[in-house]
Amino acid sequence: MVEIKTPEQIAKMRVAGLVVAEALKACREAVAPGVSTQEINDVAAKVIADHGATSNFRAHHGGLWFPGVICASVNNEVVHGIPGERVLVEGDVISIDCGAIVDGWHGDAAITVAVGEVRPEVEMLSRVTEGSMWAGIAQMKKGNRLVDVSKAIEGFIRRQPLPPKGKWGITEGYGGHGIGTAMHMEPHVLNYVERGRGKGPKLVPGTVLAIEPMVSLGTPHTSVLEDDWTVVTNDGTWASHWEHSVAVTEQGPLVLTAFDGGKAQLAALGVTAAPDPLG
């Protein structure tokens with residue numbers, strides 16, 4: 001079942017979402033050649049603690065304990081990369097996924113950050129993945145169905161020019177999710193339309209979803225490394241991951257993990273973001 005939130009509960013989720021936004025901002029600023037993924041993890045941990053929040057990543061997920069407060073996925077790592085001793089070098093790309101809990105309510109978001117100058121196709125990859133996320137968010141409107149979000153994400157990606165010596169691989173099996181009193185809840189949000197899956201639930205005010213496309217420069221197929229966490233592309237091509245937690249309201253979408261609630265990006269798509277419940 002999909003957990004439906006009251007306006008008061010969405011306001012509480014907005015608080016958690018802003019903590020995540022602050023943590024990712026600090027992580028972005030910390031990314032540089034010579035910095036380890038553990039150092040970036042420590043930056044996020046400090047921000048979360050300084051705001052009186054707790055991490056929803058350092059917990060058991062499917063019987064496994066994740067050791068970081070961020071997922072730090074570098075180059076061909078799609079998602080769930082474990083922060084550690086790996087040192088970033090010029091030309092790398094890192095996807096940083098972060099979450100926080102405030103008063104029992106969860107926030108979750110991810111960004112992809114270039115380490116110095118990157119190849120043009122890698123820059124394109126991140127831009128296309130982020131754009132597809134916003135296309136999906138724009139469909140988070142009262143009366144739409146879940147499939148409208150998936151269709152918008154896939155459609156945006158398929159319309160983009162192909163990168164030099166590559167293609168767009170929409171990662172299979174992974175996607176967004178409901179979020180609220182837990183980080184991962186129903187429904188699962190695919191980043192493509194799957195035949196036979198149906199239209200999915202209707203989006204009603206109080207629905208909150210994490211919208212998170214993952215795209216590679218090649219295959220949609222992935223494998224999990226021996227650490228039981230890190231997901232990598234089967235062909236070694238590089239990947240990008242973007243995510244925001246978004247609420248459906250009577251006034252339109254509210255991007256809980258964006259500082260401005262999504263106003264600027266949604267306005268560029270002709271969509272009016274809901275007013276910020278925190279003012």
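I'll start with Asn75, which is buried, at a relative accessible area of 8%. Before going on: this is a predicted model. Asn75 sits in the loop between E3 and strand E4, residues 77-79. Its phi is near 60°, a positive value in a residue other than glycine.

There is another residue of that kind to set beside it. Phi of Asp103 is near 50°, again positive and again not in a glycine. Asp103 is in the loop between E5 and E6. Is Asp103 buried or exposed? With a relative accessibility of 72%, Asp103 counts as exposed, whereas Asn75, at 8%, is buried.

Now the strand that comes before Asn75. Strand E3 covers residues 70-74, and five of its five residues are buried, so the rest of the structure largely encloses it. Both faces are covered: Ile70, Ala72 and Val74 are buried on one side, Cys71 and Ser73 on the other. E3 runs antiparallel to E5, and five bridges join the two strands. One of the residues involved is Ser73, whose bridge partner in E5 is Ser95.

E5 takes us to the annotated positions. UniProt, in an unreviewed entry, places a "binding site" feature at Asp97, Asp108 and Glu243. How far apart in space are residues that are spread over 147 residues of sequence? The largest C-alpha distance among them is 7.9 Å, so they cluster in space. Two of the set, Asp97 and Asp108, are in the lining of the largest pocket.

Taking these residues in turn, Asp97 is found in strand E5, residues 93-102. Asp97 is buried, with 6% relative accessible area. Leaving aside residues up to four places away in sequence, the contacts of Asp97 include Ile70 and Cys71, and also Asp108, Glu212 and Glu243. Ile70 and Cys71 are on opposite sides of E3.

Glu243 is in a loop, the one between strand E14 (239-241) and strand E15 (244-249). Glu243 is also buried, with a relative accessible area of 1%. With the same sequence neighbours left out, Glu243 touches Asp97 and Asp108, and among its other contacts are Met133, His177 and Glu212.

UniProt also lists "binding site", unreviewed entry, for Asp108, His177, Glu212 and Glu243. These span 136 residues in sequence, but no two of their C-alpha atoms are more than 10.5 Å apart, so they gather at one spot. Of these, Asp108, His177 and Glu212 belong to the lining of the largest pocket.

His177 is in strand E8. His177 is buried, with 5% relative accessible area. What does His177 touch, beyond residues up to four places away in sequence? Its contacts include Asp108, Glu212 and Glu243, and also Met183, His184, Met185 and Pro187.

Pro187 deserves a remark of its own. The peptide bond from Glu186 to Pro187 is cis, with omega near 5°. Pro187 is in strand E9.

Next, the pockets. The largest pocket holds about 480 Å³ of space. It is lined by 25 residues, and those closest to its centre are His80, Tyr174, His177, His184 and Glu212. His177 and Glu212 are both in the second UniProt list. Strand E8 (175-178) and strand E9 (185-190) each give at least two residues to this lining. Which element supplies the largest share of it? That is E9, with four residues. By class, the lining has 11 nonpolar, nine polar and five charged residues.

The second largest pocket has a volume of about 340 Å³. It has 18 lining residues, and Arg28, Ile111, His244, Thr257 and Phe259 are the closest to its centre. Helix H1 (7-30), strand E6 (105-114) and helix H3 (120-137) are the elements that contribute two or more residues. The largest share comes from H1, with four residues. The lining divides into 10 nonpolar, three polar and five charged residues.

To go back over the main points: the two UniProt lists, both from unreviewed entries, have Asp108 and Glu243 in common. Asp97 touches Glu243, and Glu243 touches His177. Asp97, His177 and Glu243 are buried, at 6%, 5% and 1%. That is where I'll stop.

How values were computed
Residues numbered from 1 in each chain as written. Predicted model: local features only at pLDDT ≥ 70, side-chain atom pairs only at ≥ 80, totals over all residues. Heavy atoms only, no water. UniProt positions renumbered as here; feature names shortened; annotations may be inferred. 1 Å grid on protein atoms, 1.4 Å probe; cavity = no way out; pocket = protein on both sides within 12 Å on 5 of 7 lines; lining within 4 Å. Buried < 20%, exposed > 50% of the residue type's maximum accessible area, 1.4 Å probe, protein only. Contact = heavy atoms within 4.5 Å. Points joined across faces, edges and corners; volume = space filled by probe spheres on them. Nonpolar A, V, L, I, M, F, W, Y, C, P; charged D, E, K, R; others polar. Pairing = 2+ DSSP bridges.
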